[in-house]
Amino acid sequence: MPELLPLTIPQLSVIIPARNEEASLATCLESLVSQTGVDFEIIVVNDHSTDRTREIAESFKKVRVIDAAPLAEGWTGKNNAVATGAKEARGQWLLFTDADTIHTPGSLSRALAEAKDSKSDVLSYSPEQIAVTFWEMAILPVVFAELARRFPPSKVSDPN
């Protein structure tokens with residue numbers, strides 16, 4: 001029997017590419033299913049996981065789990081999984097997030113409001129990073145400095 005689609009179109013589709021994410025996926029999904037203030041759907045794209053990723057995702061009633069499409073020549077796994085999720089999304093807006101993220105209460109509605117208020121087509125956040133090991137703490141500042149150098153806010157926010 002085919003899946004019946006809801007009568008309303010969600011404002012936001014949350015797309016999570018997931019390959020072997022059993023260690024972090026449940027925490028991520030817990031932080032998402034409890035969001036309020038916006039009508040949204042959650043799509044986990046199981047990217048050929050060999051662990052319990054699919055089982056964990058399916059344990060959340062509000063989460064739709066799909067399999068990544070076969071990998072096309074020249075594509076990487078994560079890009080392929082994100083594209084697969086985008087094709088299945090029903091939302092007016094798409095939010096791409098990783099399985100190892102935790103979303104604070106209200107963050108989906110605040111992000112959507114900011115995108116609409118600023119009339120943005122694309123909105124990207126650099127979330128708080130949790131660094132535990134010495135190397136994470138040493139490397140993260142370098143990573144963000146390089147991102148800021150390559151993608152300065154003045155150019156990224158230029159409508160042209």
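How many of the residues of strand E2 are buried? In this predicted model, 7 of the 7 residues of E2 are buried, and the strand is mostly covered. The protein chain holds 6 helices and 4 strands, and from the N terminus its elements follow the order β-α-β-α-β-α-β-α-α-α. The radius of gyration is 17 Å, close to the 15 Å given by the globule rule for 160 residues, so the chain is as compact as a globular protein of that length. The briefing below covers the overall chain, the strands and their pairing, two residues in their surroundings, helix H1, and an aromatic pair.

**Overall chain**

- Along the principal axes, the C-alpha atoms of the protein chain fill a box of roughly 50 × 40 × 35 Å.
- Of the 160 residues in the protein chain, 33% are buried.
- Among contacts in the protein chain with a separation of 6 or more, 65% are between residues 24 or more positions apart.

**Strand pairing and crossovers**

- Strand E1 (residues 12–18) runs parallel to E2, and 7 bridges join the two.
- Two of the bridge partners across E1 and E2 can be named: Leu12 is partnered by Phe40, and Ser13 is partnered by Glu41.
- E1 is also joined to strand E4 (residues 93–96) by 4 bridges, and these two strands run parallel.
- Leu12 has Trp93 as its bridge partner in E4, in addition to its partner Phe40 in E2.
- E2 is joined to strand E3 (residues 63–67) by 5 bridges, again with a parallel course.
- Within the pairing of E2 and E3, Val45 stands opposite Ile66.
- A right-handed β-α-β unit is made by E1, helix H1 (residues 25–33) and E2.
- A further right-handed β-α-β unit is made by E2, helix H2 (residues 53–58) and E3.

**Burial of E1 and E2**

- In a regular strand, side chains alternate between the two faces of the sheet.
- Both faces of E2 are covered: Phe40, Ile42, Val44 and Asn46 lie on one side, Glu41, Ile43 and Val45 lie on the other, and all are buried.
- In E1, Leu12, Val14, Ile16 and Ala18 point one way while Ser13, Ile15 and Pro17 point the other way, and all are buried.
- Because 7 of its 7 residues are buried, E1 is largely enclosed by the rest of the structure.

**Glu41 in E2**

- Glu41 belongs to strand E2 (residues 40–46).
- With a relative accessible area of 8%, Glu41 falls under the 20% limit and is therefore buried.
- A polar atom of the Glu41 side chain lies 2.6 Å from the backbone nitrogen of Arg90.
- Leaving aside residues up to four places away in sequence, Glu41 touches Pro10, Leu12, Ser13, Val14, Arg64, Ala89, Arg90 and Gly91.
- Among these neighbours is Ser13, the residue whose bridge partner in E2 is Glu41.

**Ala18 in E1**

- Ala18 is placed in strand E1 and counts as buried, at 0% relative accessibility.
- Leaving aside residues up to four places away in sequence, Ala18 touches Val44, Val45, Asn46, Asp47, Ser49 and Thr53.
- One of these residues, Asp47, is 29 residues from Ala18 along the chain, yet the two C-alpha atoms are separated by 5.6 Å.

**Helix H1**

- Buried residues of H1 are Leu25, Cys28, Leu29, Ser31, Leu32 and Val33.
- An α-helix has 3.6 residues a turn, so residues three or four places apart point the same way.
- The elements that cover the buried residues of H1 include E1, E2, H2, E3 and helix H4 (107–117).

**Aromatic pair**

- A pair of aromatic rings is described by the distance of the centres and the angle of the planes.
- The count of aromatic pairs comes to 1.
- The ring centres of Phe134 and Trp135 are 5.0 Å apart and the planes stand at 75 degrees, which is over 60, so the pair is edge-to-face.
- Both members of the pair are exposed: Phe134 has a relative accessible area of 57%, and Trp135 has one of 59%.

How values were computed
Residues numbered from 1 in each chain as written. Predicted model: local features only at pLDDT ≥ 70, side-chain atom pairs only at ≥ 80, totals over all residues. Heavy atoms only, no water. Phe/Tyr/Trp six-rings, centres within 6.5 Å; stacked < 30°, edge-to-face > 60°. Buried < 20%, exposed > 50% of the residue type's maximum accessible area, 1.4 Å probe, protein only. Polar contact = N/O pair within 3.5 Å; in protein donor to acceptor, adjacent residues only side chain to side chain. Contact = heavy atoms within 4.5 Å. Pairing = 2+ DSSP bridges. Right-handed = clockwise from strand over helix to strand, strands pointing away. Rg over C-alpha atoms; globule rule 2.2 N^0.38 Å.
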